[in-house]
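Please walk through the fold of this protein step by step, beginning with its sheets and the helices that lie on them and ending with single residues. The explanation should keep to what can be read from the model itself.

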Amino acid sequence: MTAYAQKRLLIIFTGGTIAGNVAKSNVVQLVKSDPENFMTIVNNSVEIVKKNWNIEIKPEVVELFNVDSSNIIPQNWSALAEKIQETYDQYDAYIILHGTNTMGYTCAALSFALENINKPVIVTGAQVPLGYLGSDATTNLINALRIAVWGYHPIKGVMAVFGSKIISGTRVKKGTDFDYDPFSSFITGALGQIGRFMRINVSALDRHNAYLSKSKPLAIQSRVLSVKKDFETSHIASLSEFPGMSPDIFRVLVEHADIRAFIFRAFGAGDASAHLFEGFEYLKEKRIPIVVTSQAPSGVASFQVNETGQYLRDNDLAIPAFDMSIESMTTKLGWLLAQKVSYENMKSKMLEDLHGEINIENELL
């Protein structure tokens, strides 16, 4: 008699495009899906996995909330982290069905919240809703299932599986609303590719896994799972620089909108215009952190290339984002604010590579 490994799988339904949360159209009929529709897809694949991999999957599904992902807020991230924490001893793997618009933010947030998780949390969705002609929902869900129960490599932590990509949670970047392969791994390489076969980048996966035990041992049980689930993003202002921008914008937002931290998309390698320096100096005086990134799609804000960036560095006026994505730096900053990290410690914490979200390299000219 064949001995089958058992995998208990929880599918967490959150809505999004995959569930039919899209605008009405004259071209197609609006189709809404509920959690049981996705259970049908999974159940159709359970016997195939059992036959080919000797793994007996016991899936369950729960609807945690049902919203368009554009309406996701930090409380939704907290609810997801709480659900995983509450059920950690009952399941071996998790799949989160999520909309695409804010998938990168949710993946990054969960990566920070679930510090030492020892189980896979696979986030997926669809470009075309389930039930629509040309839907990619079934393929993405089954591919997420394949990775969630994969036994040939140690799969753990938060990652997105979408189209042909397997991406670490802090590097998920959406690039298009059209393609079936809309996500990429921001600046760094993906963890692997998935199609008829799975191709795992072993060194990238090992690096991804190493972060999970960086501060605490891997959590075998819920009692040792470290969960920091709170985020304070409502007091963050995210701004893009443009020529002639007024330096008074920082003061106005602090004094009239209770902004306590900034993300600033500057030019070049984090090179804010010199006429904005008085605004940066105001923030330093008020002890309000500002993280500076680049407007270049794949740019690195290092403060090491041009004079204005060097001025920010030499006068300790801002925190360089280096190669962090906007999704990672935003959720990380909100996560640290919720933990009441002091102004003095914010710089070192933002520059600490917690889950592969940042690479700091000195550029030699």
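Two strands are taken to pair if DSSP finds at least two bridges between them. By that criterion S1 and S3 pair in the parallel sense, over 5 bridges, and within this pairing Ile12 stands opposite Ile96 in S3. The model in which these bridges are found is a predicted one. In general, strands of a sheet pair through backbone hydrogen bonds, in either a parallel or an antiparallel sense.

On its other pairing, S3 is joined to S4 by 4 bridges, and these two strands also run parallel; the bridge partner of Ile96 in S4 is Val123. Ile96 is thus matched with Ile12 and with Val123. How many of the residues of S3 are buried? The strand is mostly covered, with 5 of its 5 residues buried. In a regular strand the side chains alternate between the two faces of the sheet. In S3 both faces are covered, since Ala93, Ile95 and Leu97 on one side are buried, as are Tyr94 and Ile96 on the other.

These strands belong to an open sheet of 8 strands, which has the order S2-S1-S3-S4-S5-S6-S9-S10 and mixed pairing. The edges are held by strand S2, residues 55-67, and strand S10, residues 198-200; each has a single partner strand, so one side of each is left without a neighbour in the sheet. Neighbouring strands of this sheet are turned by 20 degrees against each other on average, with direction ignored. At the S10 edge, strand S9, made of residues 192-194, pairs with S10 in the antiparallel sense over 3 bridges, and here Gly192 stands opposite Ile200 in S10.

Helices are placed against this sheet as well. Helix H1, residues 35-53, lies across strand S1 (5-15), S2, strand S3 (93-97) and S10, and runs at about 160 degrees to S2. Helix H3, residues 103-113, packs on the sheet too, where it touches S3, strand S4 (120-124) and strand S5 (157-162), and its direction makes about 160 degrees with that of S5.

A further sheet is formed by 4 strands; this sheet is open, has the order S11-S12-S13-S14, and its pairing is parallel. Strand S11 (236-240) and strand S14 (319-320) are the edge strands, each of which pairs on one side only. Strand S13, residues 290-294, is joined to S14 by 2 bridges, the two strands running parallel, and the bridge partner of Val292 in S14 is Pro320. Helix H9, residues 326-338, lies across S11, strand S12 (261-266) and S13, and runs at about 165 degrees to S12.

Helices also pack against one another. Two packed helices are described by the angle between their axes and the distance between the axes. For helix H6 (residues 248-257) and helix H7 (residues 277-285), the angle is about 30 degrees and the axes are 8 Å apart. Phe250, Arg251, Val254 and Glu255 of H6 make this contact with Gly279, Phe280, Tyr282 and Leu283 of H7. The residues of the contact divide into 5 nonpolar, 1 polar and 2 charged.

Two single residues may be set beside these elements. Is Ala3, which has 68% relative accessibility, buried or exposed? Residues over 50% are classed as exposed, so at 68% relative accessibility Ala3 counts as exposed. Ala3 is found in the segment before S1, and its C-alpha atom is separated by 8.8 Å from that of Ile55, although the two residues are 52 residues apart along the chain. Asn143, by contrast, has its place in helix H4, residues 137-148, and counts as buried because its relative accessibility is 6%. Leaving aside residues up to four places away in sequence, Asn143 touches Val161, Gly163 and Ile194.

The protein as a whole has 10 helices and 14 strands. With 365 residues, a compact globule would have a radius of gyration near 21 Å, and the protein has 21 Å, which agrees. Its C-alpha atoms fill a box of roughly 75 × 55 × 40 Å, taken along the principal axes. Buried residues make up 54% of the 365 residues, and the accessible surface comes to about 16200 Å², of which 50% belongs to carbon and sulfur atoms. Among contacts between residues at least 6 apart in sequence, 74% join residues at least 24 apart.

Terms used:
Residues are numbered from 1 along each chain as its sequence is written. This is a predicted model: local features need pLDDT of at least 70, side-chain atom pairs count only at pLDDT 80 or more; totals for chains, interfaces and linings use all residues. Side-chain values use heavy atoms; hydrogens and water are left out. Axes are lines fitted to C-alpha atoms, for helices over the stretch in contact, and angles run from 0 to 180 degrees between N-to-C directions. Contact means heavy atoms within 4.5 Å. Ala, Val, Leu, Ile, Met, Phe, Trp, Tyr, Cys and Pro count as nonpolar, Asp, Glu, Lys and Arg as charged, and the others, Gly among them, as polar. The radius of gyration is taken over C-alpha atoms; the globule rule is 2.2 Å times the number of residues to the power 0.38. Buried means under 20% relative accessible area, exposed over 50%, partly exposed in between (1.4 Å probe, protein chains only). Accessible areas come from the Shrake-Rupley method with a 1.4 Å probe; for residues, only the protein chains shown count as cover.
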